[in-house]
Each structure stands twice: as C-alpha cells, then as structure tokens.
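Reader: Please take me through one part of this model in close detail. I would like the packing around a single helix, and what lies beyond it.

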Amino acid sequence: MNLCIKCSEVITVCGITGFINYKKIISESDKNILFSMGETLNRRGPDEKDEYCSNSVGLAHRRLSVIDIKNGHQPMIKENNNNTYVICYNGELYNTKEIRNKLINLGYNFNGHSDTEVLLTAYIEWGSDCVKEFNGIFAFVIYNKLTDSLFFARDGGGVKPFFYSNNDFEFIFGSEIKALLKHPSVSSNVDKFGIAEIFLIGPGRTPGKTAFHDIKELKPGWCGTFSKSEGLNLWQYWKLKAYEHKDSLSDTIYTLRSLIYDSIKRQLVSDVPLCTFLSGGLDSSIISAVASEEFKITNRGRLNTYSVDYIENEKYFENNYYQPSNDNYYINLMSNFIESKHNNIILDNDLVGNALLDATLARDLPGMADIESSLLLFCSEVKKNHTVVLSGECADEIFGGYPWFTNEEMLAQADFPWSGNTEIKANLIQDKYLQFDPKEYVFKRYKDTIDSAPKTGSETPSDSRIKEITMLNISWFMQTLLSRKDHASMYSGLEVRVPFCDLRIIEYAYNIPWDMKGYAGREKGILRKAFSDMLPDEIVYRKKSPYPKSFNPAYTRNVENKINKILLNYDSPILEIVKPDKLQELLDTKASMFSKPWYGQLMNYPQILAYLYMINTWLDKYAINII
C-alpha cells in the first residue's frame, strides 16, 4: 500500500553536477558542456532532467523519482526577500516534517511536500547552519543569486558522494567523477601519489582525495562556500564527539533499540516498491524484521527480501576465518520467520567477471573486484521490480563486527587492520613511481586517523584502542563500502538506504564501552542482545559472515584469462606501472606471497587479479595521463 501523496515527503534521489566561473558569463558552449556533464548521470536519475543557467553559474540535475513523482522538480528555485535561491540536491531528509513545522512557525509557506523545498528554505532561514538541523543523507549545492556564490554540503555519514575541482575563479562539482571529466578544465591526470592511492590504499582512498590529480572529494560532515571574493572556503560542521557513557546495560539496550527502530521506520517511506537485502546475518535480519513488522501494521502486504549467490557456489564453498558459513540456510530461516517474499538472485560467474568493466565505469575508479561487480549485477536484477532497498551497511563498523575488533594481534598492529601487505604491493610498482617510502605513506594516513579519534581522556587502554579502530573503520572502511554501494546501485537507478548510518546511532554506539558493546564476549554483542527477542536464536548467535563471494573456479579462470591477455598485450596501460614479471609471479603462485587479503576480508587471489584488471580497465577507458 502506497502512502497518501498529500501526507508524504518528496525524496530526491539523483545525480547533481555543475560549475561556477567568475571570469565569464555562461555561453551556449558552456550550456552544452553542462548538458554533457548532466548526461553522464542519467543512470542515477533516469526519470527527469533539467538545467539552470544564470550569469556565471550552471547547475544540472538528473532525478530518480521515489516519492510524490509529480513534484520536487529540480533545479528548484525559490524567491525570498528580493533574492533568488537555486538548489541542486541528491538525498533524503528523514526529519523533513519536523524541520518544515519549525519553518512554518517562523512564517514560511511551502508550495508542496518536497524535502528539497524544506532543505532550501532551511538554508534561507539559517544559512550554513541549516546542516545542523538535518537528519538524512545528502549532497547539495545552493546558489545565492544576490551574492553570486555557492554553498554546498555532504552528509555526516558520507552516504551521498560529492566530488569537486577548483581553482581561484572556478568551482566544478558532481555526484560522480565522470561528470567533472566532461568539463574542459578537469583533466584525467594522475601523479605518483595517485598511483600510491590505487596500489597501496585502494580500493579505499584517503579522505578528501581521489586518484585524480585535479579532483577531490568533499569529506563527510563537511560543507563549504565558493565566492568571487574569498574563493573556496571549507569547514567541518559535524564530527563525532566523545562523552562518558553513563547509561546502564538495560538503558543502553532500550536506547539502541529505540534509535534503530526509529531510523528504519523513517527510511521505509516510499511511493515506489521498497524491499530489503537479506543475507541471514544479524544486521540485515534486524532491518528486515522491523520492516516486515511495519509492513504488516500499515497493511502494505508482504515484504520482499533479496539475497545474492553464484552458480554452484554451495558446491565449492570453503569456510575460513573470514567467511565461516554459507548464507543460504540462514536466509531461508529468517525469511520464513518474518514471512517475507524472498528472491534469491543467482549470478553466472563469467558474467560477474565480465561485469568488472561496468563496475569500474560505475565507480570511475578501480573497486572491490567481484564484490563490486556482483553487487552491480545484483542491483540491476532488484531494480526490475523495486526502486528502493534497505541494507545493513555500517553496523559492523560502529558496533565492532569485524575480526579486527576482537583478534588481539589485528587489534594491536599499527596499520590498517583490513589491509597490510604494503611492501608486497609496492613491489609490484615500477621503481620510477615509488620515489617515496610506501610504508611511511600508508602509516601517516593510519596515524593521522587514530590521532583524530575523539576521547574523553578517562578511557581504559582497551576502550581507547577500540575508539581508534572504530575511527579508522568509520573514516576508511565504511566509506569504501558506502561508495561501492552507491555507485553499484545507482548504476541501475536503485536507491539503497542504510539505516545504521544514522548519526544518532553512530555517535551513541561510539561511546558505549567495549565491555558493554562486546556483551557476552561477542562481536556486536550489545546489538545481538538488543534484538534477541525478535530474531531466531540461530540468527542472533550466528558468527559474522561478510557479503558472499564466488568460490566457483569458473570465476577464477575468467580473471586469470583477463590477466594473461594483459600480459600478452605490450600496450596494456597497467604494464607502464607494474612490473610484468611480478604480475606473472602473481599468476604462477596464485598470489601466495600475500599473507592476508588485499583489502577487507574477501579480496584473495581471484579478487587481486580482478582488481588489477580493473586498474588496467580504468587506465584505458579514462585515458589516464600519468604525470
């Protein structure tokens, strides 16, 4: 059952891009450039498109309609006190009603029920402080015609992307890198530090950076202005705060459950078909259970749930430290328990290998190998019947679900716990591109992050370390997964919402001491306890198992063939960067020199080959110029 249109909030999921240039007035040629930039985002917003041009600014919007499809047109223009404001917005405000009521009480009127209009009006009233009012996921730009300036912001969790490039007189932005690359002022240059990002840090990336020399990313929780008089001005409007956790165990459980329930319920609003991802793990099971309960209460019928697997994967599955169990049994258990209509998408292994190309084009950077290409294919299948899906990302990062929160050796090492192997990775790279210490390059980023972890000063040594590891996860690993999810899903125009990435949940969980967070000696122990009465015991006590990867040798053969073709083609662009003999050694030894996965828990031998193939694809398709 759809929500009543007159009571619903227009949510604007889409792609945004544009520019401002103080040395010229927008010409027909500039309008064509703007249109081309917008067209690169058609997959993000296939339902509606438009542009706004005035004086020195051009804004473009591509819309995926989720709620109240007839309204919420963008770029949206609003007049107030003899001034004109124009917004390009990608995202969802989950507290739209509360903000609108505040603004109505201040004397504002609204033309519709759009969260876009609420956001724009909030800026008119509160200026840059408006971002402190928002509970949601967003990336937006607002043009102030009177001051001929831009204000822009990105949500504190980093769910929605925002890339930019600038010089003293020009600012160019977009939801995806490909949009910026359509602008003549932005090049596809990559320097030695960009290569370091790809090989030593990737598929993660340093906060605020990309591998492209000319392109940066606005950090989560940051905003800024660009004006003729002051140029670019950036500042952080939201960051984690440390405080003493005074709640008892029972109060903590109550508060957590209330916050998570509220976040999930707010994100179930949709006038198009909505579903959930269900892996049979704790996080997706909590979301699916709450969603199913709400569907029954509001007479919306049976909840649709989706999972992903690979042809003959059960036949070849091998449990290991990182992936202890197959999902299928737990998925069926949970689906039957909540009475969902379950859909299991089975992917062909060669298609997963071949989709590495599209996954690279979706992210504009090399991504998480088949873990990325399979998600892209999975989302394209889900999109055939649904437009919105809720997913369990971010719970592991904030509640301590990964092995590196509980494994003493991983917890103690002075490095990114999901990565490592820096010297082995560096040994792949041609010497001319490594005119710096690779271990120092990586360690500095690790050290800067743990030093930034907020603390009260009264933590025990173990809680102090847990806060550092949590900060690493939120700033790095979580961002990699959110980027993967955004680009892989929006490539098919599928909107994925992440209820655990509510800033209220993140900050509350961050300050729970580990003896409570790790209740009963388990990873995510407090989360298990908080929802133990609404899930089957086998789900509550199941050991963490990550997103499924293929164990079928057909996939391994697929990526091995791709690397062999690269080695046989002397013009393969990656051979300009890597040592061919080391690449051959990877094949011959099945990457036996790697003591742990390349990145995360899933990037072993076939995924390492897939990642290198994605690098080669990226270098080729984006005509990367190494400077």
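Author: What follows starts at helix H24 and works outward. The model is predicted.

Take the helix pair to begin with. H24 spans residues 605-621, and H12 spans residues 369-382. Their axes come within 7 Å. They cross at roughly 75 degrees. Angles from 65 to 115 degrees count as roughly perpendicular, so H12 and H24 are roughly perpendicular to each other.

Now the residues at the crossing. H12 brings Ala369, Asp370 and Ile371. H24 meets them with Gln607, Ala610, Tyr611 and Met614. By class, this contact has 5 nonpolar, 1 polar and 1 charged residues.

Next, the core. The largest nonpolar core holds 105 residues. Phe199, Phe212, Ile563, Ile574, Leu583, Leu612 and Trp618 touch the most other members. H24 gives the most to this core, with 11 residues. In soluble globular proteins, nonpolar side chains tend to be buried together.

Phenylalanine 199 deserves its own look. Leaving out residues up to four places away in sequence, Phe199 touches Leu612 and Ile615. Its other contacts are Lys425, Ile429, Ile574, Ile577, Val578 and Trp598. A second, separate core has 80 residues, including Ile87, Leu93, Ile398 and Cys501.

Last, a polar residue elsewhere. Serine 483 lies in helix H17, residues 461-490. Its relative accessibility is 10%, so serine 483 counts as buried. Beyond its neighbours within four places in sequence, serine 483 is in contact with Arg205 and Arg363. Serine 263 is 220 residues apart from serine 483 along the chain, and their C-alpha atoms are separated by 21 Å.

Methods. Residues are numbered from 1 along each chain as its sequence is written. This is a predicted model: local features need pLDDT of at least 70, side-chain atom pairs count only at pLDDT 80 or more; totals for chains, interfaces and linings use all residues. Side-chain values use heavy atoms; hydrogens and water are left out. Axes are lines fitted to C-alpha atoms, for helices over the stretch in contact, and angles run from 0 to 180 degrees between N-to-C directions. Helices (H or I, at least four residues) and strands (E, at least two) are DSSP runs, numbered from the N terminus. Angles under 35 degrees count as roughly parallel, over 145 as roughly antiparallel, 65 to 115 as roughly perpendicular and the rest as oblique. Contact means heavy atoms within 4.5 Å. Ala, Val, Leu, Ile, Met, Phe, Trp, Tyr, Cys and Pro count as nonpolar, Asp, Glu, Lys and Arg as charged, and the others, Gly among them, as polar. Buried means under 20% relative accessible area, exposed over 50%, partly exposed in between (1.4 Å probe, protein chains only). A nonpolar core is a set of buried Ala, Val, Leu, Ile, Met, Phe, Trp, Tyr and Cys residues joined through side-chain atoms within 4.5 Å.
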